[in-house]
Amino acid sequence: MEVNVMANEDNILTLEYDDGTELECEILGVFEAAGKEYIALYPQDGSEDVYIYGYKEVSEDEFELVDIVDDAEFETAVAEFDRLMAEEI
């Protein structure tokens with residue numbers, strides 16, 4: 001799945017999927033787990049889901065989202081996100 005990213009100054013970005021649908025998400029933050037960077041997004045669709053993607057900075061004001069296809073890597077990223085959120089409480 002390819003995802004195009006358009007972010008604005010309010011920490012909201014729009015995911016545009018291959019089928020043309022769009023979803024606005026709040027950027028919760030960028031974090032590191034096991035030596036890789038990830039981004040956590042909160043979709044503005046009324047759900048309680050959080051989306052975790054790999055994060056790759058392209059330039060100072062441009063980045064790419066990378067699908068996490070490896071289950072173990074995804075579990076590592078989610079565990080780190082959960083740990084960080086528990087510290088916030």
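Start by selecting strands β5 and β6 (residues 62–66): they pair in the antiparallel sense over 5 bridges. Strands here are DSSP runs of E with at least two residues, helices are runs of H or I with at least four, and both are numbered from the N terminus. Two strands pair if DSSP finds at least two bridges between them. Put Ser59 and Glu62 on screen, since Ser59 stands opposite Glu62 in β6. The two strands make a hairpin, with 2 residues between them.

A word on what you have loaded: it is a predicted model, where local features need pLDDT of at least 70 and side-chain atom pairs count only at pLDDT 80 or more, while totals for chains, interfaces and linings use all residues. Residues are numbered from 1 along each chain as its sequence is written, and side-chain values use heavy atoms, with hydrogens and water left out.

**Along the sheet and out to the whole chain**

Add strand β4 (residues 36–43) to the selection. β4 pairs with β5 (residues 51–59) in the antiparallel sense, over 4 bridges. To see one of the bridges, pick Ile39, whose partner in β5 is Tyr53.

Now zoom out to the full cartoon. You should find 1 helix and 6 strands, running β-β-β-β-β-β-α from the N terminus on. Switch on a surface, and the chain exposes about 6,000 Å², with carbon and sulfur atoms supplying 44% of that area; the areas come from the Shrake-Rupley method with a 1.4 Å probe, and for residues only the protein chains shown count as cover. Of the 89 residues, 30% count as buried, where buried means under 20% relative accessible area, exposed over 50%, and partly exposed in between (1.4 Å probe, protein chains only). If you like contact maps, residues 24 or more positions apart account for 26% of the contacts with a separation of 6 or more, a contact being heavy atoms within 4.5 Å.

**Into the cores**

Next, show sticks for Leu13, Leu15, Tyr17, Leu23, Cys25, Ile27, Ile39, Leu41, Tyr53, Tyr55, Phe63 and Leu65. These 12 residues make up the largest nonpolar core, a nonpolar core being a set of buried Ala, Val, Leu, Ile, Met, Phe, Trp, Tyr and Cys residues joined through side-chain atoms within 4.5 Å. Colour by strand and you'll see that β2 (12–16), β3, β4, β5 and β6 each supply at least two residues of this core. The largest share, 3 residues, comes from β3.

Centre the view on Leu41. Setting aside residues up to four places away in sequence, Leu41 touches a list of residues that includes Leu13, Leu15, Cys25, Ile27, Tyr53 and Leu65, along with Glu26 and Asp49. There is also a second, separate core of 8 residues, which includes Phe31, Tyr38, Ile68 and Ala77.

**Ring hunting**

How many aromatic pairs does a search of the whole structure find? There are 3, with rings of Phe, Tyr and Trp (its six-membered ring) pairing if their centres lie within 6.5 Å; planes under 30 degrees apart count as stacked, over 60 as edge-to-face and the rest as tilted. Select Phe31 and Phe81: their ring centres are 5.9 Å apart and their planes sit at 40 degrees, so this pair is tilted. The pair links distant parts of the chain, with Phe31 in strand β3 (residues 22–33) and Phe81 in helix α1 (residues 71–88), 50 residues apart. Phe31 is buried at a relative accessible area of 8%, and Phe81 is buried at 10%.

Then jump to Tyr55 and Phe63, where the ring centres are 5.2 Å apart and the planes are at 35 degrees, so the pair is tilted. Tyr55 has a relative accessible area of 16% and is buried; Phe63 counts as buried at 18%. Back at the helix, bring in Tyr38 too: ring pairs link Phe31, Tyr38 and Phe81 into a cluster.

**Last stops: the helix and a loop**

Stay on helix α1 and pick Glu80, which is found there. Is Glu80 buried or exposed? Glu80 counts as buried, at 18% relative accessibility. Leaving out residues up to four places away in sequence, Glu80 touches Phe31, Glu32 and Ala33.

Slide along to Phe74, also in helix α1. Phe74 is partly exposed, with a relative accessible area of 31%. Beyond its neighbours within four places in sequence, Phe74 is in contact with Ile52 and Ile68.

Finish at Ala34, in the loop between β3 and β4. Check its phi: the value is near 55 degrees, positive in a residue other than glycine. Ala34 is exposed, with a relative accessible area of 69%.
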